[in-house]
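User: I am new to this kind of model and would like to learn how to read its features, one after another. Could you guide me through them?

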Amino acid sequence: MQKYLYLLLLIIATCFSSGHAYADTDNVEQELAMRVQQAQVSGSDTDFYSVHKLFLNHLEQNQDWDKFYRVWMTRIIYDVNHKHFHRAFTEIYRITDDIRDRHQEQYLYIPNMCLGFFYSGRNQPEMGEKYFRKALRGINADKEQVSVFNCYLSLAQVLSFNKPTEAMACLDSLPKQMLQNPIYDSGVLGYRCIIANRLGDRKAFNQYFARYDSIRQHNPAQFNPANLQQVMVCLYLMKNDYNKALAWCDSIDVPMIANELRLDVYEKMGSWKNAFHASEIKDSLQQANEREVLEEHLMDITREIDLLQSEQEKAELRRRQLMIVGLMAAFIIAMLVAMLIYRHFKNLRLKEQFLELQEAHRRTEAGQAIRRAFVTTIMERLKSPISSLLNYARIFNDPEFKLKPEERSKRYSDIVAAAKSIESLMDPVLDSYSRGDSGISGEEKRVCQDALRSPLQTLIGTAEVIIEADGQLPHDEYMQLRSAICRNAYNVAASTHKLILFSLYGDAYPITMNYEIGLNELTRSILSSYDQHFKTQRKTIEFVTDVPDDVKITTNTLIQELINCLLDNIVKYATGDPLQLSCHTHTDGTYSIAVSNIGPAIPAADAERIFVPFVRLSADEHSLGIGLPLARSLATSMGYTLTLDTTYTQGARFVVRLK
């Protein structure tokens with residue numbers, strides 16, 4: 001159950017309305033619709049995709065395109081809810097092409113709605129609002145009242161956080177006849193209660209809740225419980241009954257929604273410590289950049305407290321020492337005078353040194369904060385081009401993906417634009433990182449430029465060749481060029497991403513461990529998402545474990561970046577199959593994750609040198625040399641250890657020892 005669960009259920013439920021009564025729907029369709037809802041709620045990808053495909057095939061055979069495309073849209077919403085953005089992106093292209101191929105242009109508003117879900121799921125509400133409004137302009141309001149209803153409801157969801165007044169206006173625009181059905185009316189009333197609470201409009205809240213609760217009490221069979229817990233939290237917030245509000249928060253099985261509601265409760269009741277903790281959890285789930293800033297502030301406060309305590313301890317120590325000297329003065333006056341003079345000058349020097357250290361420390365922290373802020377800003381600007389290159393690399397790597405010749409120029413122009421955007425921001429990042437005592441040297445900067453600029457230029461050149469050919473290239477030659485673009489796009493995006501991450505986390509500062517998950521589940525998920533480079537290399541990665549499935553660990557989501565760096569390394573240097581990702585239990589009660597390949601062994605003398613930034617063991621190699629150092633820094637930040645297993649001689653084997 002994710003952000004659009006209520007909307008997904010509504011879309012499925014209304015697939016058989018808008019001119020078609022339930023009585024007109026055959027039993028097969030009703031059964032398949034129910035199974036799709038159950039699979040979506042269970043969260044099982046295998047079950048959902050299987051029954052969803054059966055449902056689409058059934059509707060396609062009956063040529064019921066209205067239901068067909070709306071049910072297809074539920075697949076995209078499911079993928080967005082479960083963070084399968086690549087799958088959702090691919091499905092949006094597929095549904096658009098299908099509509100055009102079947103000449104069903106009246107349904108082109110559906111891809112716009114899907115793009116609205118896509119951008120909203122990626123925390124880009126402005127883009128989500130843009131596409132939902134675009135979808136509304138393409139809907140025939142007289143014939144597609146269900147679609148108008150769903151689109152206004154989706155737009156209200158996007159607007160609710162930053163523009164609650166406009167969100168309420170969208171709900172006011174819903175077709176009135178749709179609200180005559182209690183299941184739709186109760187769902188919308190629940191959402192109105194949530195927005196009214198956000199606006200602080202007690203009168204409106206009471207009015208909406210009275211109608212909402214009336215349906216709940218007197219017509220439970222037609223009551224929509226999708227937002228019940230949130231509404232009840234809002235109710236008890238209005239009544240200032242915080243214990244009951246928190247109890248309802250605990251009943252919500254979506255951690256993000258439950259945490260946001262707890263944050264509202266804690267803020268209203270004035271429990272700032274709990275509110276701060278809830279805010280920290282929210283940041284860790286949604287906004288990695290804001291979490292980074294918050295952690296920096298917390299570390300600054302901790303340092304200031306430590307410095308204050310240090311000053312107090314030194315003052316107390318000096319006071320005690322002076323008392324001892326005073327007691328000894330009666331016995332050794334001459335020695336006391338000499339000692340006082342000596343200590344006076346020594347303390348002056350110590351104080352000067354301490355002040356100098358404080359000032360140097362402050363300047364270092366200020367410089368580091370400025371550099372981090374700068375790199376974070378650059379990272380925000382790089383997110384879009386990096387994501388664009390990765391998406392194109394993954395789509396083009398799929399041999400079943402077909403791109404019409406007339407569409408090639410636009411797609412490859414996008415690739416060139418993304419690559420040039422990365423190229424324009426590469427030097428500022430390297431320049432900022434090369435400043436300071438701990439920065440990279442001029443030679444290391446040249447290594448970075450060499451590793452990034454060569455695939456960038458190759459990528460741009462190859463894409464421009466395809467653009468200039470204007471769809472006239474032979475198919476085999478075009479596929480070869482497309483394969484080269486996939487490879488270089490992935491390498492550029494991955495290398496740039498690693499360089500930015502190393503600039504942010506290369507100092508190995510402690511990272512908050514706030515993510516609990518099963519160890520095997522985590523490792524399988526990382527391996528499953530590691531697909532693009534893996535497919536390109538045509539190598540097999542086996543997963544082996546001796547850890548029980550019920551073993552859970554508390555970690556940080558950055559562990560995926562750590563393991564991906566190790567997977568990149570073993571895939572790159574493997575000379576044969578299989579490659580292996582494994583989990584192990586140790587006799588001391590700890591666990592480890594290991595990756596290994598069959599290939600050239602790393603000499604024991606270089607076992608630590610490979611973790612030094614920008615080091616390349618071969619003079620002929622043109623890699624960035626940042627993957628293993630980044631993995632080591634992330635491991636250290638999370639309290640883990642990352643080592644090369646020098647006893648393994650069949651290739652390379654890296655071991656991450658967990659706490």
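Analyst: What follows is a short walk through the chain, from its overall make-up to some helices and loops. Please keep in mind that this is a predicted model.

User: What does the secondary structure of the chain come to, and how many of its residues are there in total?

Analyst: The chain has 659 residues, of which 49% count as buried, and its secondary structure comes to 24 helices and 7 strands. Among contacts with a separation of 6 or more, 67% join residues that are 24 or more positions apart. The accessible surface is about 32800 Å², with 53% of that area belonging to carbon and sulfur atoms.

User: Which residues of helix H2 are buried, and where do they lie around the axis?

Analyst: The general idea is that an α-helix has 3.6 residues a turn, so residues three or four places apart point the same way. In this structure, H2 runs over residues 27-42 and reaches 23 Å from its first C-alpha to its last, close to the 22 Å expected for its 16 residues. Its buried residues are Glu29, Leu32, Ala33, Val36, Ala39 and Gln40. They cover an arc of only 130° around the axis, and therefore lie on the same side of H2. Just after the helix comes Gly43, which takes a positive phi of about 80°.

User: How should I read helix H24, and what do its buried residues pack against?

Analyst: Here the count of buried residues is the useful guide, where buried means under 20% relative accessible area. In H24, which spans residues 627-637, 9 of the 11 residues are buried, so the helix is largely enclosed by the rest of the structure. Among the buried ones are Leu628, Pro629, Leu630 and Leu634. The buried residues of H24 pack against helix H20 (475-505) and helix H23 (559-573), and also against strands E6 (641-644) and E7 (653-657). H24 is followed by Gly639, whose phi is positive, near 80°.

User: Which phi does Gln63 have, and is this residue buried or exposed?

Analyst: As a general rule, most residues other than glycine have a negative phi. Gln63 has a positive phi of about 55° although it is not a glycine, and it is found in the loop between helix H3 (45-61) and helix H4 (65-81). With a relative accessible area of 56%, Gln63 is exposed.

User: Where is His103, and what is its phi?

Analyst: His103 sits in the loop between helix H5 (85-101) and helix H6 (109-121). Although it is not a glycine, His103 has a positive phi of about 55°, and at 61% relative accessibility it counts as exposed.

How values were computed. Residues are numbered from 1 along each chain as its sequence is written. This is a predicted model: local features need pLDDT of at least 70, side-chain atom pairs count only at pLDDT 80 or more; totals for chains, interfaces and linings use all residues. Side-chain values use heavy atoms; hydrogens and water are left out. Helices (H or I, at least four residues) and strands (E, at least two) are DSSP runs, numbered from the N terminus. The expected span of a helix is 1.5 Å times one less than its number of residues. Buried means under 20% relative accessible area, exposed over 50%, partly exposed in between (1.4 Å probe, protein chains only). The arc is that of the directions from the helix axis to the C-beta atoms. Contact means heavy atoms within 4.5 Å. Accessible areas come from the Shrake-Rupley method with a 1.4 Å probe; for residues, only the protein chains shown count as cover.
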